[in-house]
Amino acid sequence: KKICPKINEILNCLKDLNNCRGVGMSGSGPTCFALFDSKISALNAINEIHINNLFENYWTWCGGLYSQINNL
């Protein structure tokens, strides 16, 4: 985060999304993510990101937990 201040900007922006429960990044930092209580909340956040052009030129994706996807 200190080496690349843009990561802090992205994480802070994700924190401000409606119903965001937490944010983080993968071990080496190429992926920043936000966690939501439901897939609907995550889909609404993705819409907010796209409508407000929050992460222009960044790739975004929304999905459920592995256990939810595979009905475990």
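How much space lies in the largest pocket? In this predicted model, the largest pocket holds about 910 Å³ of space. Its lining is made up of 31 residues. Nearest the centre of the pocket lie Cys32, Phe33, Ala34, Trp61 and Cys62. Three elements each give two or more residues to this lining: H1, strand S2 (32-36) and H2. By class, the lining of the largest pocket comprises 21 nonpolar, 7 polar and 3 charged residues. A probe the size of a water molecule, rolled over the atoms, shows where empty space is left.

The overall fold was then examined. The chain has 72 residues. Its secondary structure comes to 3 helices and 2 strands. Along the sequence, these elements follow the pattern α-β-β-α-α. Buried residues account for 21% of the chain. The accessible surface comes to about 5600 Å². Carbon and sulfur atoms contribute 53% of that surface. Contacts were also sorted by sequence separation. Of those between residues at least 6 apart in sequence, 21% join residues at least 24 apart.

The largest nonpolar core contains 8 residues in all. Its members are Ile7, Ile10, Leu11, Leu14, Leu17, Ala45, Ile49 and Phe55. Helix H1 (5-15) and H2 each give two or more residues to this core. The largest share, 4 residues, comes from H1. In soluble globular proteins, nonpolar side chains tend to be buried together.

Phe33 was considered next, as one of the residues nearest the centre of the largest pocket. Phe33 is found in strand S2. Is its side of the strand buried or exposed? Phe33 counts as partly exposed, because its relative accessibility is 35% and the partly exposed class runs between 20% and 50%. Leaving aside neighbours within four places in sequence, Phe33 is in contact with Leu14, Gly22, Val23, Gly24, Met25 and Ser26. Among these partners, Leu14 is also a member of the largest nonpolar core. Phe33 and Thr60 are 27 residues apart in sequence. In space they are 9.3 Å apart, C-alpha to C-alpha.

Helix H2 (39-51) also holds Ser41. Ser41 has a relative accessible area of 13%. Ser41 is therefore buried, since the cut-off for that class is under 20%. Not counting residues up to four places away in sequence, Ser41 touches Asn19 and Phe36.

The loop between H2 and H3 was examined residue by residue. Leu54 lies in this loop. Its relative accessibility is 32%, so Leu54 counts as partly exposed. With neighbours within four places in sequence set aside, Leu54 is in contact with Cys13, Leu17, Glu48 and Ile49. Two of these partners, Leu17 and Ile49, belong to the largest nonpolar core. Leu54 and Leu14 are 40 residues apart in sequence. Their C-alpha atoms are 9.4 Å apart in space.

Two asparagines in the loop have backbone angles worth recording. Asn53 lies between helix H2 (39-51) and helix H3 (66-69). Asn53 is not a glycine, yet it has a positive phi of about 50°. With a relative accessible area of 47%, Asn53 is partly exposed. Asn57 lies in the loop between H2 and H3 as well. Asn57 also has a positive phi, of about 70°, although it is not a glycine. Its relative accessible area is 77%. Asn57 is therefore exposed, as the cut-off for that class is over 50%.

Definitions and conventions:
Residues are numbered from 1 along each chain as its sequence is written. This is a predicted model: local features need pLDDT of at least 70, side-chain atom pairs count only at pLDDT 80 or more; totals for chains, interfaces and linings use all residues. Side-chain values use heavy atoms; hydrogens and water are left out. Buried means under 20% relative accessible area, exposed over 50%, partly exposed in between (1.4 Å probe, protein chains only). Contact means heavy atoms within 4.5 Å. Accessible areas come from the Shrake-Rupley method with a 1.4 Å probe; for residues, only the protein chains shown count as cover. A nonpolar core is a set of buried Ala, Val, Leu, Ile, Met, Phe, Trp, Tyr and Cys residues joined through side-chain atoms within 4.5 Å. On a 1 Å grid over the protein atoms alone, a cavity is a set of points where a 1.4 Å probe fits but cannot get out, and a pocket is an open set with protein on both sides within 12 Å along at least five of seven lines; lining residues have an atom within 4 Å of a point. Grid points are joined across faces, edges and corners, and a volume is the space filled by probe spheres set on the points. Ala, Val, Leu, Ile, Met, Phe, Trp, Tyr, Cys and Pro count as nonpolar, Asp, Glu, Lys and Arg as charged, and the others, Gly among them, as polar.
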